[in-house]
Amino acid sequence: MVTINDCTELPGPIHSNGLWNTIQAGAMPYALPLLELQMVFIFAIVQAAHHLLKRFGIPRFTTQLLVGLVLGPSLLGRFGIFKNVLFSIKSQETLGLLSVWSYILFMFLSGVKMDLGMINRTGRKALYTGVACILLPLVVGLSTQLRLSRYYKLDEDEATILPYVTAIHCLTPFPVLVWLLEDLQILNSELGRLSLSTALVSDTLSVFLLLVSGLTGIERKKGRVVAAIDSVSIIIHVIVIVFAIRPTMFWVIRQTPEGRPIKDTYIHAIILVVLGSAYLSHLYGQTLVVGPFFLGLAIPDGPPLGSAIVNKFNSFVRDVFLPILVTTCGMRIDLSLIKFDYSYTRVNGILIVLTFVVKIVASLVPPLLSKMPFNDALTLALLLSCKGVVQIFFYAFLKDNETMANQTYALACVSVLLTAIFVPLLVKYLYHPSRKYAGYQKRDIMHCKRNAELRILACIHRQDEIIAITKLLEVSCPSSERPLAIYVLHLIELIGRASPIFISHQMQKKTMSNSSSYSENIILALNQFKQGNDKGVVSVNVFTAISPPKFMHEDICILGLDKLTSLIILPFHRKWSIGGSIESEDNTIRTLNCSVLELAPCSVGILIDRGHLGRSIVSSESSYSIAMIFLGGNDDREALTFAKRMANDSNITLTVVQFVAVDGDVDSRWDKLLDNEILKDVKLNNVGDEYVIFLEEMVKDGPQTALIVRSMVDEYDLIIVGRRHNLESSQTSGLAEWSEFSELGIIGDLLASSDLDSSSMAGNNGNTSRGVITIKECIELPATVHSQGLWNYIYSGPMPSTPLIELVMIVIFTITQASHFLLKRFGVPKFTTQLLSI
């Protein structure tokens, strides 16, 4: 027991009455400005530390825990300004309430993002690995804990809590893994998808084991009757969620017209239910997040409901609330308490190391038996063994309930910190998705056999882009001698989900998400294009990838690699209106295009559609004119090879314009030889069966080239150019300084200028430059935050702060919402209703 002689004002002052009074007081007794100062201080230090450490591969969670350790009693917390002023013991209740509330929302959102349907689609590898990585370390840890308790003769209280702590050591929380994979930028990788499926299996089993272990602890402390009451309460809670709340969520979705946002009334009601479920979790002796987490699972992931909830709360919870939670947990670590001369500390240290090693082995064996490469299997085992915010919160929960001693808490948190530092570094060393391209021969159009099948991967973000894509494929002139294999990837931003989804519409006619309705029009348009060509000339395969935009390039490159495509077509990030003005501009798409250019295993084209491609191209009544601008180099040779395929239709006129420098060529002799060779049949008009126009333009510098290119814009429906990235020549001298979109190359940038009205396609060779074609009495300080169950309420009378504030919020929220529902028909505003409710 610690006795603190201090004068405490109840209720404490919230608002400050000026800076001068604060200086005279020598402290800050006002709750609100102190909380604001704490939040600003934590946020600023965390952001600065993350800016410094992220270049070394240290994730954001690790940085937040390190900042908490530095601000705690181990370092800066020893100084008076931190200990007595900024983070005084009186202020810890408010800060603790804020952090606990953030964890409630975090786990609720984690439940919303989880797709339990993935368990049914999990392969044997993920299923066996997920079961092994939780059961094997738990069995070994519990058996070892029994022997160590007898050997070191631990007292009854210490021996009682050890099984629960051991179970926490063995967890593989799904939210922790999602956060880690996002920081490592491998969420969309093959290994990332496998680890998510494995963690989902393991986490489902973990939740059941934690509930059982919690009820076992209640039975030991309070008897079987209390444990039985709590067990029945949990079962009833789950039944209500499954058979009442989840159908209600689907009813909400049905009440929302397609394409319209979810009404705020429904969102408010869901948050009210979240508060109520957290309060109920207190009542039956479980952690306060059990109810909100189960409730999150009952909400259908993805749009429209899941994505609406995530959009409203995710950014604020993750970027503002969670750093406070993790940092405050780290501030409670006192490294000076860790002394291994105590038996209990030794036992905990052994169990931490043992469960970690066994978890690594258990996660390593099933992948190896399924013939996974050792580096990938070891990386998977490290990912599944990493610890994070979930373990940190459980340790803090046990410490607040005086179940876990301070030295045990410090040791457990240090173990989390060590794994959170070294596991990401090891994963970065062992695994990188781009390594799969090492030694892979780049595929391009130029080295395809003349009559071989050309494989093209076309990427689509919006449904209106399908028109330009299909028209471009039409002018590629598929025939029985030159067939086309088209792979279309519909890219959808991941919202309201944690796991990315990749769907093959050929392998799975009935998809498992709403993504099928998004891709339905695309599939229909491509089937019509296929039916418009002779049988066997065109093959079409449609895929849908739902993933975060910053990881979409992995889906594109992996699909291109698997399907051995020779060309990837990307839409430009600008969209023009019918009148020629810029209608929209999405820099996220531009970033994606640049990422694809860096990793693509084949040639890449960025399609700039300014309206011309939307009209009918190949018909008996109309002709279509195409120009190819040739300056020389790998990119231009690849673009010319693609253009030659278009010269096999009587309604298509191909014009090849070569720009020749007046002062002589600066290209190498070998490049000049290759350029002449690929231009030979063009000059002789020996390309396909149709007429090809060849023009030669003498230019002395870049401005003259720009004038000629601009004069060509109105003459052609489609212009194909090479990127020629980082290639200097007299034909383009002086133009690079004015280039706006480097991913298009100099000529492509001219054609994408906002003052032009054209449709162009910039192209490149996949060999070298991979270019473009885009708290009346006794006061506990700090006050109790967590609940120890309904039974303790009956005997103690007062209620801990977290369930109390939850109950107060529920009462206020319910009365105001009910009053507003009754009075709004009389024209009474919401503010008036809230004031009347007081």
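In this predicted model, tyrosine 152 touches Ser343, Arg346, Val347 and Ile350, when residues up to four places away in sequence are not counted. Tyrosine 152 itself is placed in the loop between α7 (124-151) and α8 (156-169). One of the residues it touches, arginine 346, is 194 residues away from tyrosine 152 in sequence, yet the two C-alpha atoms are 9.2 Å apart in space.

Two other loops each hold a residue with an unusual backbone angle. Most residues other than glycine have a negative phi. Glutamine 185, which is not a glycine, has instead a positive phi of about 60 degrees; this residue is located in the loop between α9 (174-184) and α10 (190-222), and with a relative accessibility of 51% it counts as exposed. Lysine 371 likewise has a positive phi, near 65 degrees, in a residue other than glycine. The loop that holds lysine 371 runs between α15 (343-369) and α16 (374-385), and the residue counts as exposed at 78% relative accessibility.

The aromatic residues were examined next. A pair of aromatic rings is described by the distance of the centres and the angle of the planes. The count for the structure comes to 10 aromatic pairs. Among them is the pair of tyrosine 103 and phenylalanine 393, which is stacked, with 3.8 Å from centre to centre and 20 degrees between the planes. Because tyrosine 103 lies in helix α5 (residues 92-113) and phenylalanine 393 in helix α17 (residues 389-400), this pair ties together parts that are 290 residues apart in sequence. Both partners are buried, tyrosine 103 at 0% relative accessibility and phenylalanine 393 with a relative accessible area of 2%. A further pair is formed by phenylalanine 316 and phenylalanine 321, whose ring centres are 4.9 Å apart and whose planes stand at 65 degrees, so that the arrangement is edge-to-face. In this pair, phenylalanine 316 is partly exposed, with a relative accessible area of 45%, whereas phenylalanine 321 counts as buried at 10%. Tyrosine 103 and phenylalanine 393 also belong to one aromatic cluster, together with Phe61, Phe106, Trp179 and Phe394.

Aromatic rings are also faced by arginine side chains. Arginine 332 lies over the face of tyrosine 409, at 6.0 Å from the ring centre, and arginine 825 lies over the face of phenylalanine 821, at 5.7 Å from the ring centre.

A third arginine, arginine 637, is found in helix α23 (residues 634-644) and is buried, with a relative accessible area of 3%. Its side chain makes a polar contact of 2.6 Å with the side chain of aspartate 675. With neighbours within four places in sequence left aside, the residues in contact with arginine 637 are Met446, Phe630, Asp671, Leu674, Asp675 and Ile678.

Helix α25 (residues 702-712) offers a view of how one helix is placed against its surroundings. Its buried residues are Gly702, Thr705, Ala706, Ile708, Val709 and Met712. Seen down the axis of α25, these buried residues fall within an arc of 165 degrees, and they therefore line one face of the helix. In general, an α-helix has 3.6 residues a turn, so residues three or four places apart point the same way. The elements against which the buried residues of α25 pack are β9 (624-630), β10 (652-661), β11 (692-699), β12 (718-722) and α26 (745-751). At the N-terminal end, α25 is capped by aspartate 701, from which a side-chain oxygen lies 3.2 Å from the backbone nitrogen of glutamine 704.

Cysteines were considered last. A disulfide is a covalent bond between the sulfur atoms of two cysteines, and a search of the whole structure finds zero such bonds. For cysteine 413, the closest cysteine sulfur is that of cysteine 329, at 6.8 Å, which is too far for a bond. Cysteine 413 is buried, with a relative accessible area of 0%, and cysteine 386 also counts as buried, at 6% relative accessibility.

Terms used. Residues numbered from 1 in each chain as written. Predicted model: local features only at pLDDT ≥ 70, side-chain atom pairs only at ≥ 80, totals over all residues. Heavy atoms only, no water. Buried < 20%, exposed > 50% of the residue type's maximum accessible area, 1.4 Å probe, protein only. Helix = DSSP H or I, 4+ residues; strand = E, 2+ residues; numbered from the N terminus. Arc of directions from axis to C-beta. Contact = heavy atoms within 4.5 Å. Polar contact = N/O pair within 3.5 Å; in protein donor to acceptor, adjacent residues only side chain to side chain. Phe/Tyr/Trp six-rings, centres within 6.5 Å; stacked < 30°, edge-to-face > 60°. Lys NZ or Arg CZ within 6 Å of the ring centre and 35° of its normal. Disulfide = S-S within 2.5 Å.
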